[in-house]
Amino acid sequence: MKIKIAVLDKDEIFLKRLYTSLETRYKDKLEMLLFTDETTMLKSMKEDRVDVLLASEDFEIDTKSIPTRTAFAYFVSDKDVVTYLEQPAISKFQKAELIYKDIVNIFSEKTEDTSQYKYSDKDSQIIIFSSPCGGTGTTSVAIACAINFAREGFRTLYLNLESFGAADILLSGEGKYGMSDVIYAIKRKSNLDMKLESCIKQDSNSGIYFISSTGHALDMISMGKEEKIVLIKELSKVDKFDYIIVDMDFGFDKDTFDVYSVADNLVMVNDGSLIANSKVSRMYGALCIKEEEDASLRLIHKLNIIYNKVDNGTGGVLQDINIKELGGIGKYKGSVLQIIRELSKSDIYNGLR
């Protein structure tokens, strides 16, 4: 479905440039109507469906004259203005990609979710990184895995669902929307697929896709298991990502198991130390008992283990445990980003493809 937008601006040159820049990249997603006269614009909107109206700040629009089905925002010159005359505002002078994301965002706020969370078979492979071992570098290994896949030409999205995760510390991309906007859309059952299109960013260095962290940790903590599952499943059909790498807190409860169940592979990161090995071993034993008690719970066959920051002097590999071992990585020195780059060069991720 194309989003039909009407743009009202007195500057004909600007309108022509806007049309050219958006039409070039989004002709299959946008249909544009351009106006320099408000009366003509309003008459046209009464006769034809318009999804989004953007009006220059040169006009003071009577919002009561806008059809209720139409989302509205002012098109402003100041890039830092987020509202104008108590209405949403979009900056004129930014990249076409960011203008498009702004358009999609306000459209998603106006429209209800048409999918009702019913999904076709997913195309994406979902890999969840979640380890009972603290301090073993799970997030670094997860991001490195995503970078490795992207380098091989796979469209890969990294999704951080940790309660206190901060993807933006390690990844950067253009756009002003993030996980807080996504959570809000899920909770109010608005058009989630369109909201995601406005929120997904691409890291400028690695090429992997991601969603910025929530503005406040409480937003992430408020996300229940059903909402996490809805998000993962929705992402699995957005743009047909080849892989979705999910980084989430470890848990041993039904809600966490339900989220794990959507994964094709579960990866635990372990440093091979006595303490870490003991935690993995005890977790494995408990999970075996759980699966014996509940035949519908089938997670053990999805388990994989990566040994990270292995010290040959003190580290060891778990024996007599039915978890697929992907391999080990030695210790690296440098900044976190430098270490991630080195981790991404490893061939241990081949076992997940």
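Before looking at the helices, I noted that axes are lines fitted to C-alpha atoms, for helices over the stretch in contact, with angles running from 0 to 180 degrees between N-to-C directions. I also kept in mind that this is a predicted model.

Entry one, a helix pair. I looked up helix 5 (residues 179–187) and helix 6 (residues 192–199), and found that their axes come within 10 Å and cross at roughly 175°. Since angles over 145 degrees count as roughly antiparallel, I wrote down helix 5 as roughly antiparallel to helix 6. On the side of helix 5 the contact is made by Asp181, Val182, Ala185 and Ile186, and on the side of helix 6 by Leu192, Lys195, Leu196 and Cys199. Sorting these residues, I get 6 nonpolar, 2 charged and no polar.

Entry two, strand 7. I turned next to strand 7 (residues 125–129), where 4 of the 5 residues are buried, so the strand is largely enclosed by the rest of the structure. Strand 7 pairs in the parallel sense with strand 11 (residues 243–247) over 5 bridges, and it also runs parallel to strand 12, to which 3 bridges join it. I followed Ile127 in both directions: this residue stands opposite Ile245 in strand 11 and opposite Asn265 in strand 12.

Entry three, Asn265. Is Asn265, which I located in strand 12 (residues 265–270), buried or exposed? I found Asn265 to be buried, with a relative accessible area of 16%. Its side chain makes a polar contact with the side chain of Asn304, at 3.1 Å. Leaving aside neighbours within four places in sequence, I listed the contacts of Asn265 as Ile126, Ile127, Ile128, Lys302, Asn304 and Leu352.

How values were computed: Residues numbered from 1 in each chain as written. Predicted model: local features only at pLDDT ≥ 70, side-chain atom pairs only at ≥ 80, totals over all residues. Heavy atoms only, no water. Parallel < 35°, antiparallel > 145°, perpendicular 65-115°, else oblique. Contact = heavy atoms within 4.5 Å. Nonpolar A, V, L, I, M, F, W, Y, C, P; charged D, E, K, R; others polar. Buried < 20%, exposed > 50% of the residue type's maximum accessible area, 1.4 Å probe, protein only. Polar contact = N/O pair within 3.5 Å; in protein donor to acceptor, adjacent residues only side chain to side chain. Pairing = 2+ DSSP bridges.
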